[in-house]
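Got your viewer open? Keep the selection box handy, and we'll go from stop to stop together.

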Amino acid sequence: MAAHLSYGRVNLNILREAARKELREFLDKCSGSKAIVWDEYLTGPFGLIAQYSLLKEHEVEKMFTLKSGRLPSADVKNIIFFVRPRLELMDIIAENVFSEDKLHSSREFHILFVPRRSMLCEQRLKEQGVLGSFINIDEYILDLIPYDGDLLSMEYESAFRECYLENDQTSLYHTAKGLMTLQALYGTIPQIYGKGECARHVANMMLRMKREFAGSQNQILPVFDTLLLLDRNVDLLTPLATQLTYEGLIDEIYGINNGYVKLPPEKFAQKKQGEASKDLPTEPKKLQLNSAEELYAEIRDKNFNAVGAALSKKAKIISAAFEERHNAKTVGEIKQFVSQLPHMQAARSSLANHTSIAELIKDITTSEAFFDNLTVEQEFMTGVDTDKVNTYIEDCIAQKDPLIKILRLVCMQSVCNNGLKQKVFDYYKREILQTYGYEHILTLNNLEKGGLLKPQTSSRNNYPTIRKTLKLWMEDANEQNPNDISYVYSGYAPLSIRLTQVLARPGWRSIEEVLKMLPGPHFEERQQLPAGLHKKRQQGENRTTLVFFLGGVTYAEIAALRFLSQMEDSGMEYIIATTKLINGTTWIKSLMDRPECQTP
């Protein structure tokens, strides 16, 4: 069992177990020794569900990454391809199968599509002449993957792009299916609220699916009281801003993928006394980040300015614990000290790692470049000079700073100004294309289509009204001992989380006017619970809300929701689900037409 998945009100181990059971059943269909050929993108998400030990128990002897040409040699009976339903991957599989067929006629091939089977892909395999080689063609429905005790992600990287640029609702269908799976395991969610076009679609699909399966309702007392569906385009500003929590900054600077981060190795080298430092490690240091690690759980959601003090406090506690050994006199006391040693050593190594990470981040956050960038972001958020060309952005373009940095700032200015004046818009566009190349015209068009960058169509800018009504900017945000969610961006309270907060109390009717200014409809649905199932709330028991972000969520938003869960008087516990964990850089990259030209 993964302990970090069951610490909250909702035991997400149940979801993980259900996914593991299905995987075991599929592996057992292919009797005999096996080699798995992985679509590389799937190895991370699968690692969160099943470790290698589980695969080994079911006779998996070898694992390879899907590459064109011949497969590496493996003396196994079955070869199983784990792939996403992508046509280009079918061509690679066909090459693999052909080269194998010539060598080993007795080998059996299987294919497992994640998350859904695809007729188009099967057609492509048929055209390539290999469809008949497969004994099993199946699908493995991997919708919501538990990341932590309060966090689920579908890791569907193109969801925002599909919904807003390509008018493709596949990701919304997967979301609705994932939510149905969740209700099958945790009971029907009585109340559904939503804001945005995609939220409306998902709710409609869920209600339709529920009607279709009306007879098969399971008698489970509901764990969730409310589901809130939020479109990413209701709040385009938040992901563009630089996150200022510890976890958010790790993601901004190094990127967190499937719960792991890769860091520069030299910071973590163990140098022995008198040893030359020429043998420094060259492999990046890979660390897993989740609440299973006590110290990380304690500091990840803090504003980075509060992390140093937390680490030094922890260092004092650990060194005091080690000093205790001098006081251990009797055999019993010594034995007790020794029994605590592994835990203390793990805590010491965890402290060393996070001190190194904090030093790496501090080198960046104390730089002039970081400060200048942040100053401009905060000026935009507070409505300073959003309607004219920004000299800082001009300088950055002139110095050929990374294109994504420029795009994040220009989009931010556009969002905070409800679009840019036509001449400002044209000027930025011209400067970007002349400096970075005309191939980026497609990217600019995509950003325009997605609503991130646009010319102003009406003279009215609603952002100041939204900012005032929802208190999106708080002067003097307390970073050390926060009393409001605005600490996650040192002053800016994420719009998405304010909407969540207001929904809990006093309710959305109090902000009807602001809701109309934001894109898409807002709605409320009730789901009938099976007869005889009514939740009686215990005195002082919190309500549980599942907040689902369609199109991505940032770590800073997650931190803000965790902060609301911990507030004494909130009476609410939040579980967070999303199509993808994002930051401004990965989000803009997903909208670029030639992201491979772009180094971050």
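Which residue lies over the face of F322? Select F322 and R348: R348 is the one, at 4.0 Å from the ring centre. For another case, pick K286 and Y260, where K286 lies over the ring face at 4.6 Å from its centre.

**How far to trust it**

Before going on, keep in mind that this is a predicted model. The mean pLDDT of the protein chain is 92, and 94% of its residues reach 70 or more. Now select residues 595-600, where pLDDT stays under 50. The model has 11 contacts beyond four places in sequence for this stretch. Where pLDDT is low, you shouldn't read the predicted coordinates in detail.

**A covered strand**

Next, select β3, residues 78-83. Six of its six residues are buried, so call it mostly covered. In a regular strand, side chains alternate between the two faces of the sheet. Try colouring the two sides of β3 separately: N78, I80 and F82 are on one, while I79, F81 and V83 are on the other. Are these two faces covered or open? Both are covered, with the residues on each side all buried.

Now add the neighbours. β1 (residues 34-38) pairs with β3 in the parallel sense, over five bridges. To see one partnership, show I36 together with its bridge partner in β3, I80. β4 also pairs with β3 in the parallel sense, this time over six bridges. Here, show F82 and its partner in β4, L112.

While F82 is on screen, add F26, W38, F46 and Y140. Ring pairs link these five residues into a cluster.

**More ring pairs**

How many aromatic pairs does a search of the whole structure find? It finds 17. A pair of aromatic rings is described by the distance of the centres and the angle of the planes, and you can try that on two examples.

Start with F160 and Y164. Their ring centres are 4.5 Å apart and their planes are at 40°, so this pair is tilted. Both residues lie in helix α6, four residues apart, or about one turn of the helix. An α-helix has 3.6 residues a turn, so residues three or four places apart point the same way. F160 and Y164 are both buried.

Then go to Y186 and F224. With ring centres 6.1 Å apart and planes at 70°, the pair is edge-to-face. This one links distant parts of the chain: Y186 is in helix α7, F224 is in the loop between α8 (197-212) and β9 (226-231), and they are 38 residues apart. Y186 is buried, with a relative accessible area of 2%, and F224 is buried too, at 2%.

**Into the core**

In soluble globular proteins, nonpolar side chains tend to be buried together. Select L229 and L499: these have the most contacts inside the largest nonpolar core, which has 168 residues. Helix α16 gives the largest share of this core, 10 residues. Another core, of 24 residues, lies apart from it; A35, V37, A74 and V76 are among them.

Go back to L229 and light up what it touches. Leaving out residues up to four places away in sequence, its contacts include L179, I192, Y193, F548 and L550.

**An enclosed helix**

Zoom to helix α10, residues 246-253. Seven of its eight residues are buried, so the helix is largely enclosed by the rest of the structure. The buried ones are Y246, E247, G248, L249, I250, D251 and E252. After α10 comes G255, whose phi is positive, near 80°.

**Backbone oddities**

Finish in the loops. Select N167, between α6 and α7 (170-186). N167 isn't a glycine, yet its phi is positive, about 55°. Is N167 buried or exposed? It is exposed, with a relative accessible area of 66%. N418 also has a positive phi of about 55° without being a glycine. You'll find N418 in the loop between α16 (403-416) and α17 (422-436), and it is partly exposed, with a relative accessible area of 24%.

For your last two selections, look at the peptide bonds. The bond from V114 to P115 is cis, with omega near 0°, and P115 is in the loop between β4 (108-113) and α5 (119-127). The bond from R505 to P506 is cis as well, with omega near 10°. P506 has its place in the loop between α20 (495-504) and α21 (512-517).

How values were computed
Residues numbered from 1 in each chain as written. Heavy atoms only, no water. Buried < 20%, exposed > 50% of the residue type's maximum accessible area, 1.4 Å probe, protein only. Core = buried A, V, L, I, M, F, W, Y, C linked by side-chain atoms within 4.5 Å. Contact = heavy atoms within 4.5 Å. pLDDT = per-residue confidence, 0-100. Pairing = 2+ DSSP bridges. Phe/Tyr/Trp six-rings, centres within 6.5 Å; stacked < 30°, edge-to-face > 60°. Lys NZ or Arg CZ within 6 Å of the ring centre and 35° of its normal.
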